[in-house]
Amino acid sequence: MTMRIAIAGAGNVGRSIAQELIGNGHQVMLIERQPRQLRPERVPAADWVLADACEVSSLEEADVAGCDVVIAATGDDKANLVVSLLAKTEFAVNRVVARVNRAENEWLFTEQWGVDVAVSKPRLMAALVEEAVTVGDLVRLMTFRQGEANLVEITLPANAPYVGQPVRDVPMPRDSALVAVLRGKRVLVPTPDDPLEAGDELIFVCTSEVEDAVRAVVLGKIGEVS
């Protein structure tokens, strides 16, 4: 489905997100208040708007109410919170994603401020480092809906109990789902008949409460489940 997406902030981060989304077939509008950052030639397929995304009138003129998603991607956490709150409360945007620049501000990026998904660069960088070096443990990659669900990864060691077994044989805990398997350079959408292999990176969506149970089932560490 093609979505209409507004991105507040046309710096390096905002432009990179825009290029990725346009490449995936979506319609993107970049909103930037600094004239020196307004460089349509950098992302020519995007719609560019010179405006302050923290002002209701600017968002009205940009027709943010017609967007499926708003991404607050500026380098200022205060601005990102204001954009998120306005997008959700004034324009009823269905999905609001906000960039967290300073880790100590992450606690502010909640539903109360209109944020559906908060993306913290320090957290993502730490997760990517852990994901690259950790086999046989659960790594939390991202949090959705202010802690209601997490995206987590487990790299399957050779001695895991379900290596060589089909996905259907893995007794997944409640409130959890295996959503993808990364195998080498391939991304697989798992079916019940697909066998698991050593080295597979299993991507789950689950609640925080069942993370230990997911780890225990997949890695065979039943004794760790309280």
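**Exercise 1. Which residues point one way from S1, and which the other way?**

*Solution.* Keep in mind that this is a predicted model.

Step 1. Go along strand S1, residues 4–8, and sort the side chains by direction. Arg4, Ala6 and Ala8 point one way, while Ile5 and Ile7 point the other way.

Step 2. Now check burial on each face. The residues pointing either way are buried, and S1 is mostly covered, with five of its five residues buried.

**Exercise 2. Find the strands that pair with S1, and give their direction.**

*Solution.* Step 1. Start with S2, residues 27–32. Five bridges join S1 to S2, and the two strands run parallel. To place this pairing in the model, look at Ala6, whose bridge partner in S2 is Met29.

Step 2. Turn to S4, residues 69–72. Here four bridges join S4 to S1, again in a parallel arrangement. A handy landmark is Ile5, which stands opposite Val69 in S4.

Step 3. Trace the connection from S1 to S2. Together with helix H1, residues 12–23, these strands make a right-handed β-α-β unit.

**Exercise 3. Describe the largest nonpolar core and say which elements supply it.**

*Solution.* Step 1. Begin with the members that have the most contacts. The core has 24 residues, and Ile31, Leu59, Val64, Val70, Val93 and Phe109 touch the most other members.

Step 2. Assign the core to secondary structure. Strands S1, S2, S4 and S5 (95–100) and helix H3 (77–89) each supply at least two residues. H3 gives the largest share, four residues.

Step 3. Look for a further core. Another one, of 21 residues, lies apart from the largest; Ala18, Val43, Ala73 and Phe144 are among its members.

Step 4. Set this against a general trend. In soluble globular proteins, nonpolar side chains tend to be buried together.

**Exercise 4. Asp63 and Arg4 meet in a salt bridge: which parts of the chain does the pair link, and is each residue buried, partly exposed or exposed?**

*Solution.* Step 1. Locate the partners. Asp63 sits in the loop between helix H2 (56–61) and S4, whereas Arg4 belongs to strand S1. The pair is 59 residues apart and links distant parts of the chain. The N to O distance is 4.0 Å.

Step 2. Classify Arg4. Its relative accessible area is 19%, and the cut-off for buried is under 20%, so Arg4 counts as buried.

Step 3. Classify Asp63. At 42% relative accessible area, Asp63 is partly exposed.

**Exercise 5. Compare the settings of two further salt bridges, Asp76 with Lys78 and Arg215 with Asp212.**

*Solution.* Step 1. Take Asp76 and Lys78, whose side chains meet at 3.7 Å, N to O. Asp76 is partly exposed at 32% relative accessible area. Lys78 has a relative accessibility of 62%, and exposed means over 50%, so Lys78 counts as exposed.

Step 2. Take Arg215 and Asp212, which meet at 2.6 Å, N to O. Both lie in helix H5, residues 211–219, three residues apart, about one turn of the helix. Arg215 counts as buried at 14% relative accessibility, and Asp212 as partly exposed at 40%.

Step 3. Finish with a linked group. Arg183, Glu197 and Asp200 are joined into one network by salt bridges that share partners. In total, the structure holds nine salt bridges.

Key. Residues are numbered from 1 along each chain as its sequence is written. This is a predicted model: local features need pLDDT of at least 70, side-chain atom pairs count only at pLDDT 80 or more; totals for chains, interfaces and linings use all residues. Side-chain values use heavy atoms; hydrogens and water are left out. A nonpolar core is a set of buried Ala, Val, Leu, Ile, Met, Phe, Trp, Tyr and Cys residues joined through side-chain atoms within 4.5 Å. Buried means under 20% relative accessible area, exposed over 50%, partly exposed in between (1.4 Å probe, protein chains only). Two strands pair if DSSP finds at least two bridges between them. A crossover is right-handed if, with the strands pointing away from the viewer, the path from the first strand over the helix to the second runs clockwise.
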